[in-house]
Amino acid sequence: MAKLVANVYGDALFSIGKEHEMLDLLYSEVRLVQSAFAETPQLMTVLLSPDVEGSLKQTVLTKTFDGRVSNEMAGFLSIVLKKSRMEYLKDMLDYFISLYKEEMKIGIVSVTTPFELSASKKAEIHRKLLQTTGYRALEITYDIDESLIGGIVIRIKDRVVDSSVKTRLKELEKSLRDLQIGE
């Protein structure tokens with residue numbers, strides 16, 4: 001249910017941005033709203049509290065973002081509040097960001113290796129991924145997992161390229177177990 005709500009609202013905000021040719025502005029405002037809630041967790045506590053009257057919640061929301069966001073973003077936040085969907089706001093905004101990055105052809109990539117990569121190796125990976133993925137830009141996170149032994153694991157959305165020694169050894173082990181000796 002939460003994912004469905006987040007996707008519906010995130011899609012709506014994205015559609016508004018495309019329709020009014022203001023995706024870049026809404027993206028920066030989404031980041032601003034996320035920062036405001038992260039820096040002031042009490043804000044969400046007030047907006048979710050059943051003890052706080054709806055009109056007071058609206059006043060808090062308006063005063064917090066008045067002059068800092070567009071009318072479209074202010075209206076979006078107001079609707080989310082009125083429909084009692086504030087608990088899903090983080091997911092809505094995250095979903096909007098994923099739609100925005102997909103639209104702008106910004107790929108989110110996770111690279112895992114058994115050791116720290118040099119800057120030149122990271123640049124080489126970045127260059128090769130740009131050439132092969134069709135993205136214009138990449139946001140790459142690098143993780144270390146010593147259990148990989150060697151090789152690399154690359155994740156882009158739901159695709160995984162795993163050329164780690166750990167995986168190759170598991171595949172070899174499986175094929176040896178499946179091998180029937182003596183027949």
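**Aromatic pairs, strand pairing and salt bridges**

In this predicted model, the count of aromatic pairs comes to 4. One of them is formed by Tyr9 and Phe76, whose ring centres lie 6.5 Å apart with the planes at 70°, so the arrangement is edge-to-face. An angle over 60 degrees is what places a pair in that class. Distant parts of the chain are linked by this pair, since Tyr9 belongs to helix α1 (residues 2-19) and Phe76 to helix α5 (residues 71-82), 67 residues apart. Tyr9 is buried, with a relative accessible area of 15%, and Phe76, at 7%, is likewise counted as buried.

A further pair consists of Phe37 and Phe65, with ring centres 6.0 Å apart and planes at 40°; the pair is therefore tilted. Phe37 is part of helix α2 (residues 23-39) and Phe65 part of helix α4 (residues 54-65), so the contact ties together parts 28 residues apart in sequence. Both Phe37 and Phe65 are buried. An aromatic ring also takes part in an interaction with a charge: the charged end of Lys122 sits over the ring of Tyr142, at 4.8 Å from the ring centre.

Strand β1 (residues 106-113) is mostly covered, with 7 of its 8 residues buried. It is joined to strand β2 (residues 137-144) by 8 bridges, and these two strands run parallel. Within this pairing, Ile106 stands opposite Ala137 of β2. The connection from β1 to β2 passes through helix α7 (residues 119-133), and the resulting β-α-β crossover is right-handed. Strand β1 also pairs with strand β3 (residues 153-156), here in the antiparallel sense and over 4 bridges. The bridge partner of Val109 in β3 is Ile156.

Thr112 is located in strand β1. Its relative accessible area is 10%, so Thr112 is classed as buried, the limit for that class being under 20%. When neighbours within four places in sequence are set aside, the contacts of Thr112 are Asp143, Ile144, Asp145, Leu148, Ile152, Val153 and Arg155.

The whole structure contains 9 salt bridges. One of these joins Lys157 to Glu102, with the closest N and O atoms 3.5 Å apart. Lys157 lies in the loop between β3 and β4 (159-162), whereas Glu102 lies in helix α6 (residues 89-103), so this salt bridge ties together parts of the chain that are 55 residues apart in sequence. Lys157 is exposed, with a relative accessible area of 58%, while Glu102 is partly exposed at 37%.

Salt bridges are also found within helix α7. Lys121 pairs with Glu124, the closest N and O atoms being 3.7 Å apart. These residues are 3 places apart in the helix, about one turn. Glu124 in addition meets Lys128 in a salt bridge with an N to O distance of 3.2 Å. Glu124 and Lys128 are 4 residues apart in helix α7, again about one turn of the helix. Lys121, Glu124 and Lys128 are thereby joined into one network by salt bridges that share partners. Lys121 is partly exposed, with a relative accessibility of 39%. Glu124 is also partly exposed, at 27%, as is Lys128, at 42%.

Conventions:
Residues are numbered from 1 along each chain as its sequence is written. This is a predicted model: local features need pLDDT of at least 70, side-chain atom pairs count only at pLDDT 80 or more; totals for chains, interfaces and linings use all residues. Side-chain values use heavy atoms; hydrogens and water are left out. Rings of Phe, Tyr and Trp (its six-membered ring) pair if their centres lie within 6.5 Å; planes under 30 degrees apart count as stacked, over 60 as edge-to-face and the rest as tilted. Buried means under 20% relative accessible area, exposed over 50%, partly exposed in between (1.4 Å probe, protein chains only). A charge sits over a ring if NZ of Lys or CZ of Arg is within 6 Å of the ring centre and within 35 degrees of the ring normal. Two strands pair if DSSP finds at least two bridges between them. A crossover is right-handed if, with the strands pointing away from the viewer, the path from the first strand over the helix to the second runs clockwise. Contact means heavy atoms within 4.5 Å. A salt bridge is a side-chain nitrogen of Lys or Arg within 4 Å of a carboxyl oxygen of Asp or Glu.
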